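Hi everyone, thanks for making room for me today. I'd like to walk you through a structure, one part after another, so please have the picture open in front of you.

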Amino acid sequence: MGLALLIVGLLLHFTNAIPLNKQLYTFSYVCVTSGAAAFVFSAFYLLVDVMDTKFLFLPFKWIGMNAMLVFVMAAEGIFAGFINGWYYHDPHNSLVYWTKKHVFVGVWHSKRVGILLYVIFAEILFWAVVAGILHRLKIYWKL
């Protein structure tokens, strides 16, 4: 089904029948994103359930078990805002800004790649570790 949706969406786009447009949520956009999501879901299913490589995906399980914490503190930027609030002489002298600029953007010499790597390694990995520690302590945020 995912392949069929992907093909339909791409055909509609490349034949100029219905172009991909996220702002309008066109039918071709919905087909392409649904097809891509089906492929990603299938890949995770194969890796986790069929090939039994659950240990590689434990950080995602921990994040899912403390999803409220990760959403409130990371996705809403509360923790990053708190850390950015502490700076030396200039708002651009914060720990987060310095790490993003010198460790990620400076090493790769590309702002787009640097910010992507910052989000993957500094944000997601940090919250996976925090969620893993809380899971080990059996602490979960619930409604």
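Let's start with Val70. Leaving aside residues up to four places away in sequence, Val70 touches Ile63, Ala75 and Trp127. Before we go further, please keep in mind that this is a predicted model.

Now, which residues make up the largest nonpolar core? Val70 is one of them, and its partners there are Ile63, Leu69, Trp127, Ala128, Ala131 and Leu134, seven residues in all. Two elements, helix 4 and helix 7, give two or more residues to this core. Helix 7 covers residues 111-136, and the largest share of the core, four residues, comes from helix 7.

Stay with Trp127 for a moment. Is Trp127 buried or exposed? Trp127 is buried, because its relative accessible area is 6%, and the cut-off for buried is under 20%. Its sequence neighbour tells another story: Phe126 is partly exposed, with a relative accessible area of 35%.

These two rings also belong to our next topic, the aromatic pairs. How many aromatic pairs does the structure hold? There are six. Phe126 and Trp127 form an edge-to-face pair, with 5.0 Å from centre to centre and 75° between the planes. If you wonder what those two values are for, a pair of aromatic rings is described by the distance of the centres and the angle of the planes. Why does this pair count as edge-to-face? Because its planes are 75° apart, and over 60 is the cut-off for that label. Elsewhere, Phe44, Phe57 and Phe60 form one aromatic cluster.

Next, please find Asn66. You can spot Asn66 in the loop between helix 3, residues 58-65, and helix 4, residues 67-75. Although it sits in a loop, Asn66 counts as buried, at 0% relative accessibility. And which residues does Asn66 touch, if we skip those up to four places away in sequence? The list is Ala131, Leu134, His135, Ile139, Tyr140 and Trp141. You have met Ala131 and Leu134 already, as they are part of the largest nonpolar core.

Helix 3 has something else to show us, and that is Lys61. Lys61 counts as partly exposed, at 48% relative accessibility. Here is a nice reminder that sequence and space are two separate things to look at. Lys61 and Gly132 are 71 residues apart in sequence, and their C-alpha atoms are 8.8 Å apart in space.

A second pair of this kind involves Ala36. Ala36 is in helix 2, which runs over residues 27-50, and is partly exposed, with a relative accessible area of 35%. From Ala36 to Gly2 we count 34 residues in sequence, while the C-alpha to C-alpha distance is 6.8 Å.

Let's move to charges. Side chains of opposite charge can pair when their charged atoms come close. The structure holds one salt bridge, in which the side chains of Lys54 and Asp52 meet at 3.3 Å, N to O. Lys54 is partly exposed, with a relative accessible area of 45%.

Zooming out, how is the chain divided? The domain assignment gives domain 1, residues 1-50, and domain 2, residues 54-137. Their C-alpha centres lie 29 Å apart.

What does the record say? In an unreviewed entry, UniProt lists residues 1-17 as "signal peptide". In the model, that stretch is 76% helix and 0% strand, with 21 Å between its end C-alpha atoms. UniProt, again in an unreviewed entry, also places "transmembrane region" at residues 27-48, 69-88 and 115-134. Residues 27-48 are 100% helix and 0% strand, and the end C-alpha atoms lie 31 Å apart. For residues 69-88, the values are 70% helix and 0% strand, with the end C-alpha atoms 28 Å apart.

I'll finish with some backbone angles. Asn16 has a positive phi of about 60° although it is not a glycine. Asn16 sits in the loop between helix 1, residues 2-14, and helix 2, and counts as exposed at 64% relative accessibility. Lys138, also not a glycine, has a positive phi of about 60°. Look for Lys138 in the segment after helix 7, where Lys138 counts as exposed at 66% relative accessibility.

That's my tour, and I'm happy to take questions!

Definitions and conventions:
Residues numbered from 1 in each chain as written. Predicted model: local features only at pLDDT ≥ 70, side-chain atom pairs only at ≥ 80, totals over all residues. Heavy atoms only, no water. Phe/Tyr/Trp six-rings, centres within 6.5 Å; stacked < 30°, edge-to-face > 60°. Buried < 20%, exposed > 50% of the residue type's maximum accessible area, 1.4 Å probe, protein only. Contact = heavy atoms within 4.5 Å. Domains from an automatic or database assignment. Salt bridge = Lys/Arg side-chain N within 4 Å of Asp/Glu carboxyl O. Core = buried A, V, L, I, M, F, W, Y, C linked by side-chain atoms within 4.5 Å. UniProt positions renumbered as here; feature names shortened; annotations may be inferred.
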